[in-house]
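Hi there,

Here is the structure I promised to pass on. Have a look at it first, and then read on for what turned up.

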Amino acid sequence: MKVLIDNGHGENTQGKRSPDGKFREYLYARQIAKRIVDDLIRRGYDAERIVTEEEDIPLSERVRRINTICDKLGASNVILISIHNNAAGNGGQWMSARGWSAYTTKGKNRSDELATMLYVEAVNNFSGQTIRKDTSDGDPDWEENFYIIRKSLCPAVLTENFFMDNKRDVEYLNSEEGKQAIVDTHVEAIIKYIKSNE
């Protein structure tokens, strides 16, 4: 199975940073995406980042890259995870919202299976941290029609890896413990999904 990792936004994207400007989502997402891909490759899995550029790549181009691979390999043989950091405000002040969450599109599909596995690993790895769930439809992930997961042909999940406008979350994000926990959460869930669908 082919694993595609997307890193959200680019260095030219407006906003998408902590209120003090020290934390930049585009940079953090790229660092985490690279570590996830490197870890998967080291373990013998076929993984790649769909955006290696530093500048923002339009969603339509990201989806084109994903779906080209889906067309070549078959959509059921590809999965996508898009890596992001959340924000509760407009970037001008520190906020109180905290935590990790994952999103799929509306309705039941194979993306829900991957998202649920991500939540299991999140509980295992994010000790003492907030994990945000929406169990109203019987599973823990949130549902939104985000373009990249809605337009991708393969199972696709978008993860919001804590809040860049919460001081405690940013401290955790910047710690090696936090970075490794985020990487481990994604890698372990991906491997379990692959094994369960072999």
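One thing to keep in mind is that this is a predicted model.

Let's start with the cysteines. Searching the whole structure turned up zero disulfides. Cysteine 70 is in none, and the nearest cysteine sulfur to it, 3.8 Å away, belongs to cysteine 154. Seen from the other side, cysteine 154 is in no disulfide either, with the sulfur of cysteine 70 as its nearest, 3.8 Å away. A disulfide needs the two sulfur atoms within 2.5 Å, so this pair doesn't count as one. Are these two cysteines buried or exposed? Cysteine 70 is buried, at a relative accessible area of 3%, and cysteine 154 is buried too, at 4%.

The other thing to look at is a pair of helices. Helix α3 covers residues 110-125 and helix α6 covers residues 176-196; they pack with their axes 8 Å apart, at an angle of about 135°. That angle makes α3 oblique to α6, and the crossing of α3 past α6 is right-handed.

Which residues make the contact? On α3 they include Arg110, Leu114, Met117, Leu118 and Glu121. On α6, Asp184, His186, Ala189, Lys192 and Tyr193 are among them. Taken together, the residues of this contact divide into seven nonpolar, six charged and four polar.

That's what I have for you on this one. Happy browsing!

Definitions and conventions
Residues are numbered from 1 along each chain as its sequence is written. This is a predicted model: local features need pLDDT of at least 70, side-chain atom pairs count only at pLDDT 80 or more; totals for chains, interfaces and linings use all residues. Side-chain values use heavy atoms; hydrogens and water are left out. Buried means under 20% relative accessible area, exposed over 50%, partly exposed in between (1.4 Å probe, protein chains only). Axes are lines fitted to C-alpha atoms, for helices over the stretch in contact, and angles run from 0 to 180 degrees between N-to-C directions. Helices (H or I, at least four residues) and strands (E, at least two) are DSSP runs, numbered from the N terminus. Angles under 35 degrees count as roughly parallel, over 145 as roughly antiparallel, 65 to 115 as roughly perpendicular and the rest as oblique. A crossing is left-handed if the near helix is turned anticlockwise from the far one by less than a right angle, and right-handed if clockwise. Contact means heavy atoms within 4.5 Å. Ala, Val, Leu, Ile, Met, Phe, Trp, Tyr, Cys and Pro count as nonpolar, Asp, Glu, Lys and Arg as charged, and the others, Gly among them, as polar.
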